[in-house]
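User: Could you walk me through this model? I'm new to reading structures, so please take it slowly.

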Amino acid sequence: MSTARIRLGDGLIAVGVAAALLVAGLYAHHPATSLAPLGYALLVIGGLAPAAYRRAPVTVLVVTGLCALGYQAVGVDVPAVAYLLAVYAAVRAGHRLIAVVSAVLMVCVLPVAILAAPGDLAVGEAITHTRDVLQIAWLIAAGAAGEALRQAERRAEEAERTREETARRRADEERLHIARELHDSLTHQISVIKVQAEVAVHLAGKRGEQVPDALLVIRDAGREAARELRATLEALRDDQNPPHGLDDVPDLVRRARAAGLDATLTIEGERDDVPVATDRTGYRIVQESLTNIARHAAAETASVRIGYRPGTLEIRVDDDGTATPDTAPVPGVGLLGMRERVTALGGHLRAAPRSEGGFTVHAELPVGPAS
């Protein structure tokens, strides 16, 4: 159910309560008084107040209580139905102590308001009449109902949180299992291939022999496979740690500088609510881009730009490496994973050499309601 519908329903209920109280007040037998119109106005105000019980339950409790005291004091004898609803709402919202204190004050102050009304009621009659106006049994029932529903909602939220934590734990365990399997089954074999190829190239060079191209391809492929496998294992294990987001990008840039790359960071616009998935994807784009620059670009400088536009998060990473427009980039695992993340969020990614030399990664991610 949407928030707008809930508010509409609350408003309709409040209008119904106000109408019922006003009709009851008009047809109630009470002494004639010039203040009766004020009493009717208080009936309507008190009846309409519960429309806001979701946003301000304590305020509604105070308003309905004061209205009930007011219309009783001017002689309009109507049960405090709106106040009972406010007690229920306050307890349901978790304000149990305030609701109890308010109820005790009402029990104590209401007889005084009744005595102040036109008429000749004795103190004992006023106290007895308080029970009818406040409906003590219904007052207790309203508080109990509010507490019961609050506990039920609390248990439902706890059950949902437990399910999410269980699913997350199972996913984490599966990632670790995959990482272990990859490490045990592939790392050793790839390391053996890489080492054997490098030894063969070294021995061939030492003997003055021409190194076969196939051997060089095997050596380079082994190195690349080892790097990609290491990156994959790190990504799988990294999900066990607190997720990184755009707030952690400055750390990435600092580490790139420490490694010898002249990296700069520029942030444009004001950050609003960014969905968690978009926040993490933005971090991954910058992380993968800087990693590729360090490994493949032979670049001296790099610039990272993050722009917060209306409805869009823009990320651009440029370098002055060896890439040129006439060399088609070979998409590796990192670029493919980057593109998959962006596409899954409904965004666009451009990763290509720049006309002035070097490489650029430009991503635009839609920014909707926070998740």
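**A walk through the model**

Analyst: A good place to start is Cys67, which counts as buried because its relative accessibility is 6%, below the 20% cut-off for that class. Please keep in mind throughout that this is a predicted model.

User: Okay, and what about Cys108, is that one buried or exposed?

Analyst: Cys108 counts as exposed, since its relative accessibility is 52% and the exposed class begins over 50%.

User: How many disulfides are there?

Analyst: The count of disulfides comes to 0 in this model.

User: Changing topic, how many cavities of 30 Å³ or more does a search of the whole structure find?

Analyst: The search finds 1 cavity of that size, and the space inside the largest cavity is about 40 Å³.

User: Which residues line the largest cavity?

Analyst: Cys67, which we have just met, is one of them, and the lining also includes Leu21, Leu43, Thr64, Tyr71 and Tyr83. The elements that each contribute two or more residues to this lining are α2 (36-48), α3 (57-73) and α4 (81-92).

User: Which of those helices gives the most to it?

Analyst: That is α3, which gives 4 residues to the lining of the largest cavity. If you sort the lining by class, you find 9 nonpolar residues, 3 polar ones and no charged ones.

User: While we're on α3, where does Val63 sit, and how open is it?

Analyst: Val63 has its place in helix α3, and it counts as partly exposed because its relative accessibility is 28%. Although Val63 and Ile45 are 18 residues apart along the chain, their C-alpha atoms are separated by 8.3 Å.

User: And Leu335, is it buried or exposed?

Analyst: Leu335 is buried, with a relative accessible area of 14%, and it belongs to helix α11, which covers residues 333-344. In sequence Leu335 is 47 residues away from Glu288, while in space the two are 7.8 Å apart from C-alpha to C-alpha.

User: Let's move to the strands. What order do they follow in the open sheet?

Analyst: The open sheet is formed by 5 strands in the order β1-β2-β3-β5-β4, and its pairing is mixed. Its edge strands are β1 (262-268) and β4, each of which pairs on one side only. On average, neighbouring strands of this sheet are turned by 10 degrees against each other, if direction is ignored.

User: What joins β2 to β3?

Analyst: Strand β2, residues 301-309, pairs with β3 in the antiparallel sense over 8 bridges, and within that pairing Arg305 stands opposite Arg316. The two strands form a hairpin with 2 residues between them, and in its turn Gly311 has a positive phi of about 80 degrees.

User: And how many bridges does β3 have with β5?

Analyst: Strand β3, residues 312-319, is joined to β5 by 7 bridges, and the two strands run antiparallel. Leu313 has Leu365 as its bridge partner in β5, and Ile315 stands opposite Ala363.

User: What about β4 and β5, how are they connected?

Analyst: Strand β4, residues 348-353, runs antiparallel to β5 and is joined to it by 6 bridges. In β5, the bridge partner of His348 is Glu364, while Ala352 stands opposite Thr360. These two strands also form a hairpin, this time with 5 residues between them, and Gly357 in the turn has a positive phi of about 100 degrees.

User: Why is β5 described as largely enclosed?

Analyst: That description rests on burial: 6 of the 8 residues of β5, which spans residues 359-366, are buried, so the strand is largely enclosed by the rest of the structure. The reasoning carries over to β3, where 6 of the 8 residues are buried, so β3 is largely enclosed by the rest of the structure as well.

User: And which way do side chains point in a regular strand?

Analyst: As a general rule, the side chains of a regular strand alternate between the two faces of the sheet.

Terms used
Residues numbered from 1 in each chain as written. Predicted model: local features only at pLDDT ≥ 70, side-chain atom pairs only at ≥ 80, totals over all residues. Heavy atoms only, no water. Buried < 20%, exposed > 50% of the residue type's maximum accessible area, 1.4 Å probe, protein only. Pairing = 2+ DSSP bridges. 1 Å grid on protein atoms, 1.4 Å probe; cavity = no way out; pocket = protein on both sides within 12 Å on 5 of 7 lines; lining within 4 Å. Points joined across faces, edges and corners; volume = space filled by probe spheres on them. Nonpolar A, V, L, I, M, F, W, Y, C, P; charged D, E, K, R; others polar. Disulfide = S-S within 2.5 Å. Axes fitted to C-alpha atoms, helices over the stretch in contact; angles between N-to-C directions.
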